[in-house]
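Open the model in your viewer and keep the sequence panel in sight. This tour tells you what to select at each stop.

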Amino acid sequence: MLPLRQIINQKIVLLLLPLLCLLACNPSKPDIEQLVQNALQAHGYAGYQQGLVSFRSGGSMYRVLRHHDAFVYSRTFQDASGQRVHDVVQNSGFTRTINDQQEQLSPEMTVEMSSSVAREVFLA
């Protein structure tokens, strides 16, 4: 019998394959949160409205917290210089802290990092 974490990871990957196809075919910038919700709902995943999932992959710690319309996706890792980097995407936006000090990013970098965290959370 597979561990619960592995089963959840497998289900998430299988549920999000259609999302990847949509992202690859759509030249415009999609609303990532809406695409994730649509993919999960379309595949009958009843738990998508609320819950907490955390897991490690590739040296990073990922967390997904959902409660109805509220969401928090986070990624924590050590960069090449050994600093602790914590990226958080939530309804209110994106924040990055390095060694517990909030970093100011350009708008372009904020969009890029937000997308990166959301992608990695669902593909890790």
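The stops below run from the sheet to its aromatic pairs and then to a loop. Keep in mind throughout that this is a predicted model.

**Stop 1: the sheet**

Switch to a cartoon view and find the open sheet of six strands. Its order is 1-2-3-4-5-6, and the pairing is antiparallel. Which strands form the edges? Select 50–57 for strand 1 and 101–103 for strand 6. Each of these edge strands pairs on one side only. Now look at how the strands sit against each other: neighbours in this sheet are turned by 20° on average, direction ignored.

**Stop 2: strands 3 and 4**

Select residues 70–78, which make up strand 3, and residues 84–90, which make up strand 4. How many bridges join strand 3 and strand 4? There are seven, and the two strands run in the antiparallel sense. Next, pick Phe77: Val85 in strand 4 stands opposite.

**Stop 3: the aromatic pairs**

Show side chains. The count of aromatic pairs comes to two. Begin with Phe55 and Tyr62, a stacked pair with 5.4 Å from centre to centre and 25° between the planes. The pair counts as stacked because its planes are under 30 degrees apart. Are these rings buried or exposed? Phe55 is buried, with a relative accessible area of 2%. Tyr62 is buried too, at 5%.

Move on to Phe71 and Tyr73. This aromatic pair is tilted, with 5.0 Å centre to centre and 35° between the planes. Both Phe71 and Tyr73 are buried.

**Stop 4: the loop before strand 6**

Select Asn99, in the loop between strand 5 (93–98) and strand 6. Check its phi: the value is positive, about 50°, although Asn99 is not a glycine. Why look twice at that sign? Most residues other than glycine have a negative phi. Asn99 is partly exposed, with a relative accessible area of 39%.

Then take Asp100, which is found in the loop between strand 5 and strand 6. Asp100 also has a positive phi, near 65°, and is not a glycine either. At 59% relative accessibility, Asp100 counts as exposed, because the cut-off for that class is over 50%.

**Stop 5: Gln102**

Finish with Gln102, in strand 6. What does Gln102 touch, leaving aside neighbours within four places in sequence? Select Thr95, Arg96 and Thr97: Gln102 is in contact with these residues. Last, set a distance between the C-alpha atoms of Gln102 and Asp87. They are 15 residues apart along the chain, and the separation is 9.9 Å.

Definitions and conventions:
Residues are numbered from 1 along each chain as its sequence is written. This is a predicted model: local features need pLDDT of at least 70, side-chain atom pairs count only at pLDDT 80 or more; totals for chains, interfaces and linings use all residues. Side-chain values use heavy atoms; hydrogens and water are left out. Two strands pair if DSSP finds at least two bridges between them. Helices (H or I, at least four residues) and strands (E, at least two) are DSSP runs, numbered from the N terminus. Axes are lines fitted to C-alpha atoms, for helices over the stretch in contact, and angles run from 0 to 180 degrees between N-to-C directions. Rings of Phe, Tyr and Trp (its six-membered ring) pair if their centres lie within 6.5 Å; planes under 30 degrees apart count as stacked, over 60 as edge-to-face and the rest as tilted. Buried means under 20% relative accessible area, exposed over 50%, partly exposed in between (1.4 Å probe, protein chains only). Contact means heavy atoms within 4.5 Å.
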